[in-house]
Amino acid sequence: TEEEWTELCRECDWVWTILNGYRGYLITGPNGNSIFLPPAGSREGSESYDIWVFGFYWSSTLCPTISRKAACLVLVKDYGGNYCRNYNRNRGHSVRPVTE
C-alpha cells in the first residue's frame, strides 16, 4: 500500500550497495528485516526508461480522485526513496511482492 511505502521511506535506513552483482538500495527496518530494491526504471509501450537511475514500484493503492492512476514509490539513485506519487496505471513500473 502507499502507507507501507511511506513507512519504508520514513522509518527505515537506506544504503546504496551491490547485492549479487546488482546495484540498488538495501532498506533495513527498525526490526532488522530488510528488502533490496534496484532502480529498475520504467517501461512505456516497448521502450524502457531510466534503468539504473530511477526505480518505480507500484503499490496497491489507487488514486482516490483519478481512477487511471495509482500510488507508487519512486526511488532515485543517490537520494533514496523519499516520496510516493500517483502515476498512470498503464506505465510499466516494477512490482515487489511481499508477504507477512
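**Surface, fold and cores of a predicted model**

The protein exposes about 6,700 Å², and carbon and sulfur atoms supply 47% of that area. These values, like those that follow, come from a predicted model. Buried residues account for 34% of the 100 residues in the protein.

The overall dimensions can be read alongside these surface figures. Along its principal axes, the C-alpha trace of the protein spans about 35 × 30 × 25 Å. Because a compact globule with 100 residues would have a radius of gyration near 13 Å, the 13 Å found for the protein agrees with that expectation.

Turning to secondary structure, the protein has one helix and eight strands, and from the N terminus on these elements follow the order α-β-β-β-β-β-β-β-β. Among contacts between residues at least 6 apart in sequence, 34% join residues that are at least 24 apart.

The interior can be followed through its nonpolar cores. The largest nonpolar core has 13 residues, and those with the most contacts inside it are Trp-5, Leu-8, Trp-14, Ile-27, Leu-37 and Leu-73. At least two residues of this core are supplied by each of helix 1 (2-11), strand 2 (22-28), strand 3 (34-37) and strand 7 (69-76). Helix 1 gives the most to this core, contributing three residues. A second core, separate from the one just described, consists of six residues and includes Phe-56, Trp-58, Cys-72 and Val-76.

Aromatic rings offer another way through the model. A pair of aromatic rings is described by the distance of the centres and the angle of the planes. The structure holds four aromatic pairs, and ring pairs link Trp-14, Trp-16 and Tyr-25 into a cluster. Trp-14 thus belongs to this cluster and is also among the residues with the most contacts inside the largest nonpolar core.

A closer look at one residue completes the path. Ser-42 lies in strand 4, which covers residues 42-44. Why does Ser-42 count as buried? The relative accessibility of Ser-42 is 2%, and the residue therefore counts as buried, since that term applies under 20% relative accessible area. When residues up to four places away in sequence are not counted, Ser-42 touches Glu-47, Ser-48, Tyr-49, Phe-56, Arg-91, Gly-92 and His-93. One of these partners, Phe-56, is also a member of the second, separate core of six residues.

Definitions and conventions:
Residues numbered from 1 in each chain as written. Predicted model: local features only at pLDDT ≥ 70, side-chain atom pairs only at ≥ 80, totals over all residues. Heavy atoms only, no water. Phe/Tyr/Trp six-rings, centres within 6.5 Å; stacked < 30°, edge-to-face > 60°. Helix = DSSP H or I, 4+ residues; strand = E, 2+ residues; numbered from the N terminus. Buried < 20%, exposed > 50% of the residue type's maximum accessible area, 1.4 Å probe, protein only. Contact = heavy atoms within 4.5 Å. Core = buried A, V, L, I, M, F, W, Y, C linked by side-chain atoms within 4.5 Å. Rg over C-alpha atoms; globule rule 2.2 N^0.38 Å. Areas by Shrake-Rupley, 256 points an atom, 1.4 Å probe, with all protein chains shown as cover.
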